[in-house]
Amino acid sequence: MAAKPMEEIQGAEHLDEAAPVSENGDPSPPAPRRHRERKWIYATVVLCCYGFFKEFKPSEPFLTPYLTDSNLTHGGKNFSTDDINELVYPIWTYSYGVSVFCALLLTDVLRYKPVILIECVSYLATRLL
């Protein structure tokens, strides 16, 4: 028995030859493959949102006035501007660089999820201080 030409198959005109076809002739890919294709999009969106909210620091503009405030009843720390620029900010910058390097090594050992959770908890703890 000879196979029918493509023109004789009813409804064949809407099939795209470039579209993937599963074993049963369905033009859509199987469900697990579609799930894998969308999984990286979800992970990318979550990581981008995490990075955005991690770096969103609305208190940063108020840090120097807070540290130089001499009114200790309002929580001021009574540092001079020179002390902040020469002692606090350089240590802050270099300690951040060291912590990023340690986080990189820790991420290789533990993978991403535990490191992100540890970082979130640590970040919130330092903000609450």
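This note comments on selected side chains, aromatic pairs and a surface patch in a predicted model.

1. **Setting of Lys54.** Helix α1 covers residues 31–55, and Lys54 is found in this helix. Is Lys54 buried or exposed? Its relative accessibility is 14%, so Lys54 counts as buried, the limit for that class being under 20%.

2. **Partners of Lys54.** The side chain of Lys54 makes a polar contact with the side chain of Glu55, at a distance of 3.0 Å. Which residues touch Lys54 once its neighbours within four places in sequence are set aside? They are Tyr96, Glu119 and Tyr123. A reader who wishes to inspect the surroundings of Lys54 may therefore begin with Tyr96, Glu119 and Tyr123, keeping in mind that Lys54 counts as buried at 14% relative accessibility.

3. **Aromatic residues at Phe52 to Phe56.** The number of aromatic pairs in the model is 3. One of them joins Phe52 and Phe56, whose ring centres are 6.0 Å apart and whose planes meet at 20°, a stacked arrangement. Phe52 has a relative accessibility of 49% and therefore counts as partly exposed. Phe56 likewise is partly exposed, because its relative accessible area is 49%; the exposed class requires over 50%. Together with Phe53, the residues Phe52 and Phe56 make up one aromatic cluster.

4. **The pair Tyr89 and Trp92.** How are the rings of Tyr89 and Trp92 arranged? Their centres lie 5.6 Å apart and their planes are at 35°, so this pair is classed as tilted. The two residues belong to helix α3; because Tyr89 and Trp92 are 3 residues apart there, about one helical turn separates them. Tyr89 is partly exposed, with a relative accessibility of 21%, and Trp92 is also partly exposed, at 36%.

5. **Nonpolar surface patch.** Four side chains are named in a nonpolar patch on the surface: Leu106, Val109, Leu110 and Ile118. The area of this patch is about 350 Å². Which helix gives the most to the nonpolar patch? Helix α3, which spans residues 81–110, does so with 3 residues.

6. **Leu106 within the patch.** Leu106, one of the patch residues, is located in helix α3. Its relative accessibility is 37%, so Leu106 counts as partly exposed. Patch members need over 30% relative accessible area, and the 37% of Leu106 is given above as its accessibility.

Technical notes
Residues are numbered from 1 along each chain as its sequence is written. This is a predicted model: local features need pLDDT of at least 70, side-chain atom pairs count only at pLDDT 80 or more; totals for chains, interfaces and linings use all residues. Side-chain values use heavy atoms; hydrogens and water are left out. Helices (H or I, at least four residues) and strands (E, at least two) are DSSP runs, numbered from the N terminus. Buried means under 20% relative accessible area, exposed over 50%, partly exposed in between (1.4 Å probe, protein chains only). A polar contact is a pair of N or O atoms within 3.5 Å; within protein, one must be able to donate a hydrogen and the other to accept it, and residues adjacent in sequence count only if both atoms are side-chain atoms. Contact means heavy atoms within 4.5 Å. Patches are made of residues with over 30% relative accessible area and no salt bridge: like charges are joined within 9 Å, nonpolar side chains (Val, Leu, Ile, Met, Phe, Trp, Tyr) within 5 Å. Accessible areas come from the Shrake-Rupley method with a 1.4 Å probe; for residues, only the protein chains shown count as cover. Rings of Phe, Tyr and Trp (its six-membered ring) pair if their centres lie within 6.5 Å; planes under 30 degrees apart count as stacked, over 60 as edge-to-face and the rest as tilted.
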